[in-house]
Amino acid sequence: MLKPAPGHFFGNFLRPGFAFLAGMVMLAILAAPIGTLEAKDKISITDNTGRELNIPSQVDRVICSGSGCLRLLTYIQAHDRIVGVDSMEKRDSGINPRPYALANPQFKDYPLFGEFRGHDSPELIAGLDPQPQVIFKVNPDSGPNPDQLQDKTGIPVISLYYGNLTHARDDLDDSLLLMGRVMDEEERAWEVIEYFDDLEEDLRSRTRDIPEQDRPTCYIGGMAHRGPHGFQSTEPSYAPFEFLHARNVADELNTEDKKMDHATVSKEKIMVWDPEIIFIDTSTMQLDRGANARDQLQNDPAYRHLSAVDEGRVYGVFPYNYYTQNFETIFANAYYIGSVLYPERFQDIDPMRKAEEISVFLNEDKAFEKMNRQFDGMGFSRIDLE
């Protein structure tokens, strides 16, 4: 039998009187109020809406409610701790332009806890086994509000604002960091934030010194917005155009006080703008024949007079606004658009390879080749309208 080292607990235990002292300490621990011990297993946080919450200090089981919530959790590499999904992850429509989900097909096999866009079911949540320790809820105004959901389930509900890569970047960063803190993945959250910073700076640095007269005017049509739309659907604050210092003809719809995330413009306005280069968001191809942007450009006599259509300067990019913004797609599109607008500045970039590189960093697997097959190869290609 090994002899306890001097000063070791068991060595001390053999000393006269120490057994009595140790026994008293154990009695004191056992007599401590349960709440005091439980408090040590809790931490206090303030969510993005200012609500103060007490949550477990170690979170191993979560669910993500609302558009894009599970995407953010995937980015910080904590998606293996979900215990359920909303109805968006269970869909099997054949069209899925969400890289985080394409890279993680196992999501569809998890139990259902509610409808998409935050319409959670307290009854379904109560039936989850195991139970989540916390609920992340993006866009807290959708579905049951956080306090109602928390009261009905007894589970802390952490409210987040999704944000974007341009005028609401602080909201995005704050949400990633709060998720990181709750899931003990703060270092990874910072890595994602810095990765976005580096990508944006790379895009901006490649193009910021190009003279105004050497920047072709451009327009993106067929933008998704709570579903697919035709050619008149655009985005005046389209992030890839902003990162590339591109001359987005729809930018004139913005004001100093308000940046527009979406706009439906008249056909006459597009004809007046007559952009030199046109991009089509391929989400539009989910519409029936004749209603999607490609068919409209092909068949509408008015659009045939656009110089970009007449001269074959129409290109396809991937849907980025699908169950809100897919940030990897925004950056991937930006590199492709840069290669079209300023080919000499992007000679070192293979857009598809860059897109997959971004997906692997954020989602731990490739996604864009899979996505492109869903859209008949229209992504990152010139669209033939003849």
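Q: Into how many nonpolar, polar and charged residues does the lining of the second largest pocket divide?
A: The model is predicted, with local features taken at pLDDT of at least 70, side-chain atom pairs only at pLDDT 80 or more, and totals for chains, interfaces and linings from all residues. A pocket is an open set of points on a 1 Å grid over the protein atoms alone, with protein on both sides within 12 Å along at least five of seven lines, and its lining residues have an atom within 4 Å of a point. With Ala, Val, Leu, Ile, Met, Phe, Trp, Tyr, Cys and Pro as nonpolar, Asp, Glu, Lys and Arg as charged, and the others, Gly among them, as polar, the lining of the second largest pocket divides into seven nonpolar, five polar and five charged.

Q: What is the volume of the second largest pocket, and which residues are the closest to its centre?
A: Taken as the space filled by probe spheres set on grid points joined across faces, edges and corners, the volume of the second largest pocket is about 240 Å³. Its lining consists of 17 residues, and the closest to its centre are Arg91, Asn96, Arg98, Leu102 and Lys108.

Q: Which residues lie nearest the centre of the largest pocket?
A: The largest pocket has a volume of about 780 Å³, and its lining comprises eleven nonpolar, 13 polar and six charged residues. Of the 30 residues that line this pocket, those nearest its centre are Ser67, Arg226, Asn321, Tyr323 and Thr324.

Q: Which residues line the largest cavity, and among them which are aromatic or charged?
A: A cavity is a set of grid points where a 1.4 Å probe fits but cannot get out, and there are two cavities of 30 Å³ or more. About 60 Å³ of space lies in the largest cavity, while helix H4 (69-75) and E4 are the elements that give two or more residues to its lining. The lining residues are Cys64, Gly66, Gly68, Cys69, Leu70, Gly84, Val85, Asp86, Glu89, Tyr100, Phe113 and Tyr323, among them the aromatic Tyr100, Phe113 and Tyr323 and the charged Asp86 and Glu89.

Q: Why is one side of E3 and of E8 left without a neighbour in the sheet?
A: Helices (H or I, at least four residues) and strands (E, at least two) are DSSP runs numbered from the N terminus, and two strands pair if DSSP finds at least two bridges between them. Three strands form an open parallel sheet in the order E3-E7-E8. One side of each is left without a neighbour because strand E3 (62-65) and strand E8 (157-160) stand at the edges, each with a single partner strand.

Q: Which residue of E8 is the bridge partner of Phe136?
A: Strand E7 (residues 134-138) runs parallel to E8, and four bridges join the two. Within E8, Phe136 has as its bridge partner Ile158.

Q: Which residue in the hairpin of E5 and E6 takes a positive phi?
A: E5 and strand E6 (residues 119-120) pair in the antiparallel sense over two bridges, with His119 of E6 as the bridge partner of Glu115. The hairpin has three residues between the strands, and the one with a positive phi near 60 degrees is Arg117.

Q: How many residues apart in sequence are the parts tied together by Tyr162 and Phe327?
A: Rings of Phe, Tyr and Trp (its six-membered ring) pair if their centres lie within 6.5 Å, planes under 30 degrees apart counting as stacked, over 60 as edge-to-face and the rest as tilted, and the count comes to 20 aromatic pairs. The rings of Tyr162 and Phe327 are stacked, because their centres are 5.2 Å apart and their planes stand at 15 degrees. Tyr162 lies in the loop between E8 and H8 and Phe327 in helix H14 (residues 327-341), so the pair ties together parts whose separation in sequence is 165 residues.

Q: From where are residues numbered, and which atoms are used for side-chain values?
A: Residues are numbered from 1 along each chain as its sequence is written, and side-chain values, with hydrogens and water left out, use heavy atoms.
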